[in-house]
Amino acid sequence: MPPRGPMAGWLRPLAGTLLLLEVAAAVSFLHHRYEEMVRALFRVQSECPYVTRIYSIGRSVEGRHLYVLEFSDYPGIHEPLEPEFKYVGNMHGNEVLGRELLLQLSEFLCEEYRRGSERVTRLLHDTRIHIMPSMNPDGYEVAANQGPDGIGYLTGRNNANGVDLNRNFPDLNTFMYYSGEISGPNHHIPLPDNWKSQVEPETLAVIQWIGSYNFVLSANLHGGAVVANYPYDKSQDQRFRSHRRTANTPTPDDKLFQKLAKTYSYAHGWMHRGWNCGDYFVDGITNGASWYSLSKGMQDFNYLYTNCFEITLELSCNKFPPKEDLERQWMANREALVAFIEEIHQGIKGMVTDENNNGIAGAVISVQGISHDVTSGEMGDYFRLLLPGTYTITASAEGYQPQTVTATVGPAAPSLVSQTQDSSSSQGEGNAMCPRFLTRQPQLHRAVVLAPMSSAQLGLLSNRALLRAACATRNKL
């Protein structure tokens with residue numbers, strides 16, 4: 001009940017002042033040491049308890065938790081047809097802007113959801129977002145002890161064992177290049193038998209993390225330049241001529257990666273201009289190996305080992321910018337951080353099931369003309385980022401008859417593409433109107449491509465209902 005009587009006159013402005021102070025405290029721009037970072041994450045979780053979850057993927061060398069803040073309308077649950085996204089910051093302990101931007105982004109998403117922002121609400125309902133502000137909390141503490149005015153340019157870069165975490169992932173590029181051609185095996189490459197003994201605790205935790213979630217899109221945040229960097233990071237020519245450190249080395253998804261990188265650079269305050277930190281990059285983007293060749297990096301590892309498409313965001317000339325510059329940097333990156341997450345909904349997605357509608361995990365989804373496959377997750381759902389166009393998609397799994405469909409990808413929401421058998425002896429049009437899945441039957445069935453639903457419809461439907469609603473809509477036609 002609101003206050004009444006003579007006290008009400010001064011209580012109202014006091015309440016308003018306290019609210020302003022609370023908001024100011026929540027969005028203050030400062031460098032967060034480990035304990036302060038943890039408190040900031042848990043504050044966001046307490047402010048938005050129904051759409052957030054905090055979990056740890058492991059510990060650093062010195063025992064600090066590698067915390068992740070998750071945003072979802074069902075935290076802790078993978079919903080079929082809802083893609084998984086991740087941001088990773090502070091992989092190099094002395095490159096700190098990404099850490100602060102991800103804390104600001106977490107607060108921003110929570111605040112915008114609480115005030116009913118249609119854009120953020122739709123994003124949280126249609127996407128499961130994982131935010132790791134710091135992959136190298138030990139290195140950060142070393143760098144923070146030096147402070148922004150310190151003279152050690154590399155102080156705190158490595159973890160507590162002195163290892164560069166972005167040179168510590170299994171080298172799957174070499175396996176691919178030695179297969180004889182760059183278009184050789186380049187997806188879900190198996191890890192060497194002794195890989196666990198060759199990586200640091202932080203790297204091990206991240207590898208196990210990305211093996212546990214079917215991530216679709218990702219970015220890791222760095223500093224020291226201003227550019228959006230995309231795979232491959234390691235040059236194929238490096239193995240032949242060690243003196244040649246730069247050579248454009250594209251993936252089969254090169255045009256898609258360029259588009260993803262441009263999405264960030266053009267939404268950024270100045271990255272797209274190209275001239276930054278004494279370097280020039282056309283459109284503010286670069287192929288990693290074309291810039292400099294890097295072995296055992298996290299970006300290439302994501303592409304070669306998982307379904308995830310990851311780019312590297314270099315966000316500031318100063319690796320440890322003063323706190324006075326943090327607000328300007330946040331305003332320059334805020335739209336880009338959100339717009340990049342939204343790119344996860346560009347392409348196709350669908351379900352792969354058997355004749356009993358049981359999801360088939362590990363089914364291979366191939367796109368004709370693009371020699372890089374993805375696989376379905378544990379529930380049988382798959383996600384394939386693609387540029388607008390018409391594609392021939394084939395789903396295959398051991399013990400099942402491969403199925404092929406044609407899908408048209410538009411510029412908006414992802415096309416829903418699935419396949420099924422006809423349960424009756426005849427292949428009537430009524431059944432043909434529903435999505436089609438893999439079947440053990442030897443014959444091929446006619447495939448039906450479902451048109452993309454509008455963004456407004458997607459925003460109102462849960463992903464559990466999406467497939468049923470699409471099928472019902474087609475049955476009414």
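## Location of Glu314

In which strand does Glu314 lie? The residue belongs to strand S10, which spans residues 309–316. The structure described here is a predicted model. According to an unreviewed UniProt entry, the annotation "active site" covers Glu314.

## Surroundings of Glu314

Is Glu314 buried or exposed? Its relative accessible area is 8%, which is under the 20% limit, so Glu314 counts as buried. Beyond its neighbours within four places in sequence, Glu314 is in contact with His222, Gly223, Gly224, Ala225, Val226, Val227, Met271 and Trp291. With Gly223 there is also a polar link: the side chain of Glu314 reaches the backbone nitrogen of that glycine at 3.3 Å.

## Nonpolar cores

In soluble globular proteins, nonpolar side chains tend to be buried together. In this model, the largest nonpolar core comprises 87 residues, and Tyr87, Leu105 and Trp209 have the most contacts inside it. A second core, separate from that one, has 19 residues, including Leu386, Ala395, Ala407 and Val409.

When residues up to four places away in sequence are not counted, Trp209 touches Tyr55, Ile57, Val68, Lys86, Val88, His130, Met132 and Phe215. Two of these partners, Tyr55 and Phe215, also join Trp209 and Tyr213 in one aromatic cluster.

## Aromatic pairs

A pair of aromatic rings is described by the distance of the centres and the angle of the planes. Across the whole structure, a search finds 19 aromatic pairs. In one of them, the ring centres of Tyr55 and Tyr213 are 5.9 Å apart and the planes meet at 20°; the pair is therefore stacked. Tyr55 lies in strand S1 (residues 52–59), whereas Tyr213 occupies the loop between helix H7 (201–212) and strand S5 (215–222), so their pairing ties together parts that are 158 residues apart in sequence. Tyr55 counts as buried at 11% relative accessibility, and Tyr213 counts as buried at 18%.

The pair formed by Tyr303 and Phe309 has its ring centres 5.4 Å apart and its planes at 90°, and is edge-to-face because that angle is over 60 degrees. Both Tyr303 and Phe309 are buried.

## Charges over aromatic faces

Two basic side chains are placed over aromatic rings. Lys86 lies over the face of Phe215, at 5.5 Å from the ring centre. Lys86 is also among the residues that Trp209 touches, and Phe215 is a member of the aromatic cluster with Tyr55, Trp209 and Tyr213. Arg99 lies over the face of Tyr140, at 3.6 Å from the ring centre.

Key:
Residues are numbered from 1 along each chain as its sequence is written. This is a predicted model: local features need pLDDT of at least 70, side-chain atom pairs count only at pLDDT 80 or more; totals for chains, interfaces and linings use all residues. Side-chain values use heavy atoms; hydrogens and water are left out. A nonpolar core is a set of buried Ala, Val, Leu, Ile, Met, Phe, Trp, Tyr and Cys residues joined through side-chain atoms within 4.5 Å. Buried means under 20% relative accessible area, exposed over 50%, partly exposed in between (1.4 Å probe, protein chains only). Contact means heavy atoms within 4.5 Å. Rings of Phe, Tyr and Trp (its six-membered ring) pair if their centres lie within 6.5 Å; planes under 30 degrees apart count as stacked, over 60 as edge-to-face and the rest as tilted. Helices (H or I, at least four residues) and strands (E, at least two) are DSSP runs, numbered from the N terminus. A charge sits over a ring if NZ of Lys or CZ of Arg is within 6 Å of the ring centre and within 35 degrees of the ring normal. UniProt positions are given in the numbering used here, feature names are shortened, and annotations may be inferred rather than shown by experiment. A polar contact is a pair of N or O atoms within 3.5 Å; within protein, one must be able to donate a hydrogen and the other to accept it, and residues adjacent in sequence count only if both atoms are side-chain atoms.
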